[in-house]
Amino acid sequence: MKRIVILGPPGSGKGTQAKLISEKYGVPHISTGDVLRENISKKTKIGEIVREYIERGELVPDEIIIKITIDKLIEAVNVSGGYILDGYPRTIPQAEALEKSIIKPEIVIDIKLSEDECVRRLTNRRYCPNCGEVYNMLLKPPRENEKCDKCNVKLLQREDDREDVIRRRFKEYYNKTKPVMDYYRSIGKLVEVDGGGSIEEIHKRILEILKFT
Ligand code: AMP
């Protein structure tokens, strides 16, 4: 399997797991959240448009995200023969657009984790503003308190990892993203994985799934 989508609620560990699979399978990790944040930090036109949605914890409009993502996936497939996609699709129109494309996924992995555990993980998440490495003060703490292991720079918290914004992101998830699981289940592509435990434990569960598909 070389075209893989990874879904799950905010804080379920999608990004961490996608990165590990990307290293293992040699396919690029494409995170729509990272792509949007990069546009914001580079002050592009798209960055200007999407900034307020992200700050409010709302999904950005489908017409913006669909084109950016499909273009990136086509490039990934042309260069590396596959992708591990994290953070997309988050709505039914996004899923349908991907399914209609020439680079549709072969498997969709849904990481299952309770809202309370996700919130606990998100409020403990930190990132390095220099290299982008993501830490978790509970699951993957830096060696020195709140400093990046590689850059020695003070770690920051994402603006949208504040508790009030997290709750809004969950509302969006239940209203718009949950139906995406049913969609993939109905076409036989969905595989669920328990998102509890350590990073290594979840990674092993995902590798087992990928081995047998
Ligand atoms: P993430 O890094 O995946 O948690 O995404 C951060 C934020 O980016 C989300 O809360 C949304 O505002 C926006 N975003 C990322 N991916 C999508 C998507 N596929 N559709 C709409 N909005 C998205």
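Select helix 2, residues 32–41: in this predicted model, helix 2 supplies four residues to the shell around the ligand, the largest share. Now show the whole shell, which holds 16 residues. Thr32, Glu58, Gly87, Arg90 and Gln94 are the closest of them. Colour the shell by class and six nonpolar, four polar and six charged residues appear.

Next, show the side chains of three arginines. Arg37 places an N or O atom of its side chain 3.0 Å from an oxygen atom of the ligand. For Arg158, the distance from a side-chain N or O atom to a ligand oxygen is 3.1 Å. Arg90 faces a nitrogen atom of the ligand instead, with a side-chain N or O atom 2.8 Å away. How much of the ligand does the protein bury? Taken alone, the ligand exposes 480 Å², and the protein buries 96% of that area.

Hide the ligand and turn to the strands. Five of them form an open sheet with parallel pairing, and their order across the sheet is 2-3-1-4-7. At the edges, select strand 2 (29–31) and strand 7 (190–194), each of which pairs on one side only. Looking across the sheet, neighbouring strands are turned by 25° against each other on average, direction ignored.

Within the sheet, pick strand 1 (residues 3–7) and strand 3 (residues 83–86). These two run parallel and are joined over four bridges. One place to look is Arg3, which stands opposite Tyr83 of strand 3.

Add helix 7, residues 163–186, which packs on the sheet. Helix 7 touches strand 1, strand 4 (107–112) and strand 7, and its direction makes about 125° with that of strand 7.

Keep helix 7 on screen and add helix 5, residues 92–100. Two packed helices are described by the angle between their axes and the distance between the axes. Here the axes of helix 5 and helix 7 come within 8 Å and cross at roughly 40°. To see the contact, select Ile92, Ala95, Glu96, Leu98 and Glu99 on helix 5, then Lys176, Pro179, Val180, Tyr183 and Tyr184 on helix 7. By class, the residues of this contact are seven nonpolar, no polar and three charged.

Two backbone details finish the tour. Most residues other than glycine have a negative phi, and most peptide bonds are trans. Go to the loop between strand 3 and helix 5, where Pro89 lies. The peptide bond leading from Tyr88 to Pro89 is cis, its omega near 0°. Then move to the loop between helix 2 and helix 3 (45–56) and select Lys43. Lys43 is not a glycine, yet its phi is positive, about 55°.

Methods
Residues numbered from 1 in each chain as written. Predicted model: local features only at pLDDT ≥ 70, side-chain atom pairs only at ≥ 80, totals over all residues. Heavy atoms only, no water. Near = heavy atom within 4 Å. Polar contact = N/O pair within 3.5 Å; in protein donor to acceptor, adjacent residues only side chain to side chain. Areas by Shrake-Rupley, 256 points an atom, 1.4 Å probe, with all protein chains shown as cover. Nonpolar A, V, L, I, M, F, W, Y, C, P; charged D, E, K, R; others polar. Pairing = 2+ DSSP bridges. Axes fitted to C-alpha atoms, helices over the stretch in contact; angles between N-to-C directions. Contact = heavy atoms within 4.5 Å.
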